[in-house]
Amino acid sequence: MTKRMVATIAGLGLLATTMTACSTLVGAGVGAGTGAAVGAGTGYGAGKGALIGTGVGAAAGAIYGATKK
């Protein structure tokens with residue numbers, strides 16, 4: 001294999017990884033914001049709500065990214 005071909009394959013692999021991670025990161029961010037708002041509104045605590053929302057949002061984003069390719 002030539003250096004150019006190896007570089008192309010590596011670049012495409014990194015692009016695919018970035019595109020997959022994008023929905024996970026967006027889900028985590030949206031989940032954290034929503035969880036903080038719900039936690040603060042219900043008296044549970046914004047910090048605890050944000051932590052729970054981050055986990056749930058990241059999981060949902062990962063599932064969405066895996067199924068919508």
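Let me start with a rule: two rings of Phe, Tyr or Trp count as a pair if their centres lie within 6.5 Å. How many aromatic pairs does that rule give here? The count comes to zero. Keep in mind throughout that this is a predicted model.

Right, the overall picture. The protein chain has two helices and zero strands. Of its 69 residues, 17% are buried. The accessible surface of the chain is about 4,900 Å², and carbon and sulfur atoms account for 76% of that.

There may be no ring pairs by that rule, but one ring does have company: Lys48 sits over the face of Tyr44, 5.7 Å from the ring centre.

Now let's walk along helix α2, which covers residues 46–67. Its 22 residues reach 31 Å from the first C-alpha to the last, close to the 32 Å expected at 1.5 Å a residue. Which residues of α2 are buried? They are Gly49, Ala50, Gly53, Gly57, Gly61 and Gly65. Looking down the axis of α2, you find these buried residues within an arc of 110°, so they line one face of the helix. If that spacing looks familiar, here is the reminder: an α-helix has 3.6 residues a turn, so residues three or four places apart point the same way.

And what does the face turned away from the buried side of α2 carry? There you have the exposed residues Lys48, Leu51, Val56, Ile63, Ala66 and Thr67. So Lys48, our friend over the Tyr44 ring, belongs to that exposed set.

Let's zoom in on two members of the buried face. Ala50 is in contact with Ala32, Gly35 and Ala36, leaving aside neighbours within four places in sequence. Ala50 and Ala37 are 13 residues apart in sequence, with their C-alpha atoms 8.0 Å apart in space.

Then Gly53, also in α2. Is it buried or exposed? Gly53 has a relative accessibility of 11%, and because the cut-off for buried is under 20%, it counts as buried. With residues up to four places away in sequence not counted, Gly53 touches Gly31, Ala32 and Gly35. Ala32 and Gly35 turn up among the contacts of Ala50 too. From Gly53 to Gly39, 14 residues apart in sequence, the C-alpha distance is 9.4 Å.

Last stop, the other helix. Val30 is placed in α1, which spans residues 3–42. With a relative accessible area of 52%, Val30 is exposed. Its C-alpha atom is separated by 8.8 Å from that of Ala58, and those two residues are 28 apart along the chain.

That's my tour, thanks for listening!

How values were computed
Residues are numbered from 1 along each chain as its sequence is written. This is a predicted model: local features need pLDDT of at least 70, side-chain atom pairs count only at pLDDT 80 or more; totals for chains, interfaces and linings use all residues. Side-chain values use heavy atoms; hydrogens and water are left out. Helices (H or I, at least four residues) and strands (E, at least two) are DSSP runs, numbered from the N terminus. Buried means under 20% relative accessible area, exposed over 50%, partly exposed in between (1.4 Å probe, protein chains only). Accessible areas come from the Shrake-Rupley method with a 1.4 Å probe; for residues, only the protein chains shown count as cover. Rings of Phe, Tyr and Trp (its six-membered ring) pair if their centres lie within 6.5 Å; planes under 30 degrees apart count as stacked, over 60 as edge-to-face and the rest as tilted. A charge sits over a ring if NZ of Lys or CZ of Arg is within 6 Å of the ring centre and within 35 degrees of the ring normal. Contact means heavy atoms within 4.5 Å. The expected span of a helix is 1.5 Å times one less than its number of residues. The arc is that of the directions from the helix axis to the C-beta atoms.
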